[in-house]
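Colleague: Before accepting the labels attached to this model, I should like each one justified against its criterion. May we take them in turn?

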Amino acid sequence: MATVKDLLKDKYTQVWYVTPTSTVLDALKLMAEQKIGAVLVVEAGKIVGIFSERDFARKAADGSVSLHSPVNDVMVGAVYYVTPDQSVESCMALMTAKRFRHLPVLDGNKLVGVISIGDVVRQLMLEKDMTIQSLEDYIWVHMI
């Protein structure tokens, strides 16, 4: 069973972030440039929130924010995180239960990466494919 540490091995681990006073436009530009769906919101070295494209879309739809609003007005403040030793399956369970698409990875107090639902699904699909292949090989060997 794979762990978050395994996911991070195959991933560029640069963590992109903005501050609570950064504008929504600045955050969206950063996400577009880096081809990512969310950025952490960091203040004084601490994670204080997470901002995603989906957060902006929801708030913009009801007219409560503009591109010039501070990220603080749009971000999700209650940030869940995972550790490098957690299983990928436990991440999937958390992401599904809480309807998250991104999770920061903390090793102690150190931020070491961010994983996405795509990373988790890709790993779980790889594991399922390997299981299927092993079963097919087993059946093939025992049919001879």
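Colleague: Why is Asp6 called partly exposed?

Modeller: The relative accessible area of Asp6 is 28%. Buried means under 20%, exposed over 50%, and partly exposed in between (1.4 Å probe, protein chains only), so Asp6 is partly exposed. This is a predicted model, in which local features need pLDDT of at least 70 and side-chain atom pairs count only at pLDDT 80 or more, while totals for chains, interfaces and linings use all residues. Residues are numbered from 1 along each chain as its sequence is written, and side-chain values use heavy atoms, with hydrogens and water left out.

Colleague: What makes the contact between Lys9 and Asp6 a salt bridge?

Modeller: A salt bridge is a side-chain nitrogen of Lys or Arg within 4 Å of a carboxyl oxygen of Asp or Glu. For Lys9 and Asp6 the N to O distance is 3.5 Å, so the pair meets the rule. The two residues are three apart in helix α1, and therefore about one helical turn separates them. Helices (H or I, at least four residues) and strands (E, at least two) are DSSP runs, numbered from the N terminus. Lys9 counts as exposed because its relative accessibility is 62%.

Colleague: How many salt bridges does this rule give?

Modeller: The count is three. Asp119 and Arg122 form one of them, their closest N and O atoms being 3.0 Å apart. These residues too are three apart in helix α5, about one helical turn. Asp119 is buried because its relative accessibility is 11%, whereas Arg122, at 56%, is exposed.

Colleague: How do you know that Asp85 and Lys5 meet in a salt bridge?

Modeller: Their N to O distance is 3.2 Å, so the pair satisfies the same rule of 4 Å. This pair links distant parts of the chain: Asp85 is in the loop between α3 (53-61) and α4 (88-98), and Lys5 is in helix α1 (residues 4-9), 80 residues apart. Asp85, with a relative accessible area of 58%, is exposed, and Lys5, at 41%, is partly exposed.

Colleague: What makes the phi of Lys35 worth noting?

Modeller: Phi of Lys35 is near 55°, a positive value in a residue other than glycine. Most residues other than glycine have a negative phi. Lys35 lies in the loop between α2 (24-34) and β2, and its relative accessible area of 75% makes it exposed. Arg99 also has a positive phi, of about 60°, although it is not a glycine. Arg99 is placed in the loop between α4 and β4 (102-107) and is exposed at 65%.

Colleague: Why does Tyr138 count as exposed, and which residues form a nonpolar patch with Tyr138?

Modeller: Tyr138, in helix α5 (residues 117-143), has a relative accessibility of 53%, and therefore counts as exposed. With Ile139 and Met143 it forms a nonpolar patch on the surface, with about 370 Å² of accessible area together. Patches are made of residues with over 30% relative accessible area and no salt bridge: like charges are joined within 9 Å, nonpolar side chains (Val, Leu, Ile, Met, Phe, Trp, Tyr) within 5 Å. The areas come from the Shrake-Rupley method with a 1.4 Å probe; for residues, only the protein chains shown count as cover.
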